[in-house]
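Please work through the following exercises with the sequence and the three-dimensional model open side by side. Each task is followed by a solution that proceeds step by step.

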Amino acid sequence: MEHSNFLVEAVIFMAAAVIAVPIATRLGLGSVLGYLLAGVAIGPSALGLVGDASDEMHVAEFGVALMLFLIGLELQPKKLWQMRGAILGTGSAQLLLTAAAVAGVALLLFGLDWRSAVAIGLILALSSTAIVLQSLSEKGLLKTQGGRSAFAVLLFQDIAVIPILALLPLLAGTPAEAHASGLSGWQYAAAVIGTIAAFAISGRYLLGPLLRLVAGSQVREMFTVTALLIVFAAAAVMTWLDLSPALGTFLAGVLLAESEFRHELEADIQPFKGLLLGLFFIAVGASLNFAQIAENPLLLFGLVITLVLVKFAVLFGLARMMRLSKGEDWLFALSLAQAGEFGFVLVSFSTQIQVLDAGASSLLVALIALTMALTPVLLLIFEQFIQPRFLVGPESPVEVDTPHQ
């Protein structure tokens, strides 16, 4: 019966996508918003065709990892080094300023304990890698100044999840003598350094010969299996270290960026990326709890507007400091003005260690999901009203070249 239920839910997910996405793209709304609306329609709060979408969400998160792997394939190490200023400088400034601003609002307006306020600030400072990169790539905006800057910030945020996870137990006063992986502090640091070194060595000396050996077999599906093996192995190693699996697959992609098999890897991974990302967006839409929204609609929508405005103000200020051209500053600020999918993980972890209570965590989950769903609308506003005015478009030469959709 469980297998039957799984097949029925798979049919419902795919049917919803087949119906909603073509309609959304024909109306100029984009595929991401189509997937989100499909998830809302079949979720527990609407037609109720599917129940809890958490299992699908866990599977679909690999879509984010595959997307970062494909971007890494197009980003050679030299280009990544050229972006170090934007990644470290702009990324850290965005995270710290946004976290401070959100924590300040939580303290002043809601009277929360400072520990809870700091935790909420860090959680909501993150943005959605999946929705932003897919939407920008789909609209051809990832090659612009604003798009490249947004990518750099998102990459830093993926890295920053590591110290945030380490900081949250300190806010709760929880002793953290050993890491979640079972390693002590110095062992964990050595494991991280060793893993990065292993990535670099294997990418240079092992993966090339392996791909040539597989390609020599002339069995097409084996090359696909090998490509997926590289991605999932990188994700598995990073997950064991409690690091972002998407960051691991991104590094694997960067190390293979100069491989002669780069285009074959891209062609093999692309269909899986599109399928799993679509599933991810549908799961986000299905997770929207309209019953909770109906209980406190003014509070929740007020929080959504406040968060978007606070993040927009910080990001727009940074864009002006970076001297992004007019129009590009709007793109940068609007694209990152939401909370991100890593927020779900951090909220759950904060609740487990009692930094946040159940009521606050439930409200935060709804807030994160709503702001993520709002992002395609914000980018549609940019595309319709701001982009034509300032003629925002790709620049040359570009630093980030993403695969064609």
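The exercises below concern a predicted model, and they go from the whole chain to helix pairs and then to single residues.

**Exercise 1. The overall make-up**

Task: State how many helices and strands the protein has, and what percentage of its residues is buried.

Solution: Begin with the secondary structure, which comes to 18 helices and 0 strands. Next, turn to burial: of the 405 residues in the protein, 52% are buried. Finally, look at how the contacts are spread along the sequence; among contacts with a separation of 6 or more, 81% join residues that are 24 or more positions apart.

**Exercise 2. The nonpolar cores**

Task: Find how many residues the largest nonpolar core has and which residues have the most contacts inside it, and then list what Phe332 touches.

Solution: The largest nonpolar core has 100 residues, and the residues with the most contacts inside it are Leu124, Phe281 and Phe332. Apart from this core lies another one of 21 residues, which includes Leu228, Ala252, Phe261 and Leu265. As a general background to such groupings, nonpolar side chains in soluble globular proteins tend to be buried together. Now take Phe332 and leave out residues up to four places away in sequence: Phe332 then touches Thr90, Gly146, Ser149, Ala150, Val153, Leu315, Leu318, Ala319, Met322 and Leu324.

**Exercise 3. Two partners of helix α18**

Task: Describe how α2 crosses α18, and decide whether α7 and α18 are roughly parallel or oblique to each other.

Solution: Two packed helices are described by the angle between their axes and the distance between the axes. For helix α2 (residues 31-42) and helix α18 (residues 358-390), the axes come within 9 Å and cross at roughly 145°, and the crossing is left-handed. The residues that meet are Val32, Leu33 and Leu36 on the α2 side and Met372, Ala373, Pro376 and Val377 on the α18 side. By class, this contact consists of 7 nonpolar, no polar and no charged residues.

For helix α7 (residues 129-138), the axis comes within 10 Å of that of α18, with a crossing angle of roughly 25°. Angles under 35 degrees count as roughly parallel, and therefore α7 and α18 are roughly parallel to each other. The crossing of α7 with α18 is right-handed. Ile131, Ser135 and Leu136 of α7 make the contact with Met372, Thr375, Pro376 and Leu379 of α18, and the residues of this contact divide into 5 nonpolar, 2 polar and no charged.

**Exercise 4. Helices α5 and α6**

Task: Explain why α5 and α6 count as oblique to each other, and give the classes of the residues in their contact.

Solution: The axes of helix α5 (residues 84-110) and helix α6 (residues 114-125) come within 7 Å and cross at roughly 135°. Because angles over 145 degrees count as roughly antiparallel and those from 65 to 115 as roughly perpendicular, with the rest outside the roughly parallel range taken as oblique, α5 and α6 are oblique to each other. Their crossing is right-handed. On the α5 side the contact includes Gln94, Leu95 and Thr98, which, with others of that helix, meet residues of α6 including Trp114, Ala117 and Val118. The contact has 13 nonpolar, 3 polar and no charged residues.

**Exercise 5. Two buried residues**

Task: Explain why Leu207 and Val231 count as buried, and place each in its surroundings.

Solution: The cut-off for buried is under 20% relative accessible area. Leu207, in helix α10 (residues 207-216), has 15% relative accessibility and therefore counts as buried. Leaving out residues up to four places away in sequence, Leu207 touches Ser202, Ile230 and Leu256. Val231 lies in helix α11 (residues 220-240) and counts as buried because its relative accessibility is 0%. With the equivalent sequence neighbours left out, Val231 touches Leu66, Phe69, Thr249 and Ile269.

**Exercise 6. Positive phi in loops**

Task: Say where Arg323 and Gln354 lie, and whether each is buried or exposed.

Solution: Most residues other than glycine have a negative phi. Arg323, however, has a positive phi near 60°, and its place is in the loop between α15 (297-321) and α16 (328-335). Gln354 has a positive phi near 65° and lies in the loop between α17 (342-352) and α18. Exposed means over 50%; Arg323, at 74% relative accessibility, therefore counts as exposed, and Gln354 is exposed with a relative accessible area of 69%.

Note on methods
Residues numbered from 1 in each chain as written. Predicted model: local features only at pLDDT ≥ 70, side-chain atom pairs only at ≥ 80, totals over all residues. Heavy atoms only, no water. Core = buried A, V, L, I, M, F, W, Y, C linked by side-chain atoms within 4.5 Å. Buried < 20%, exposed > 50% of the residue type's maximum accessible area, 1.4 Å probe, protein only. Contact = heavy atoms within 4.5 Å. Helix = DSSP H or I, 4+ residues; strand = E, 2+ residues; numbered from the N terminus. Axes fitted to C-alpha atoms, helices over the stretch in contact; angles between N-to-C directions. Left-handed = near helix turned anticlockwise from the far one by under 90°. Nonpolar A, V, L, I, M, F, W, Y, C, P; charged D, E, K, R; others polar.
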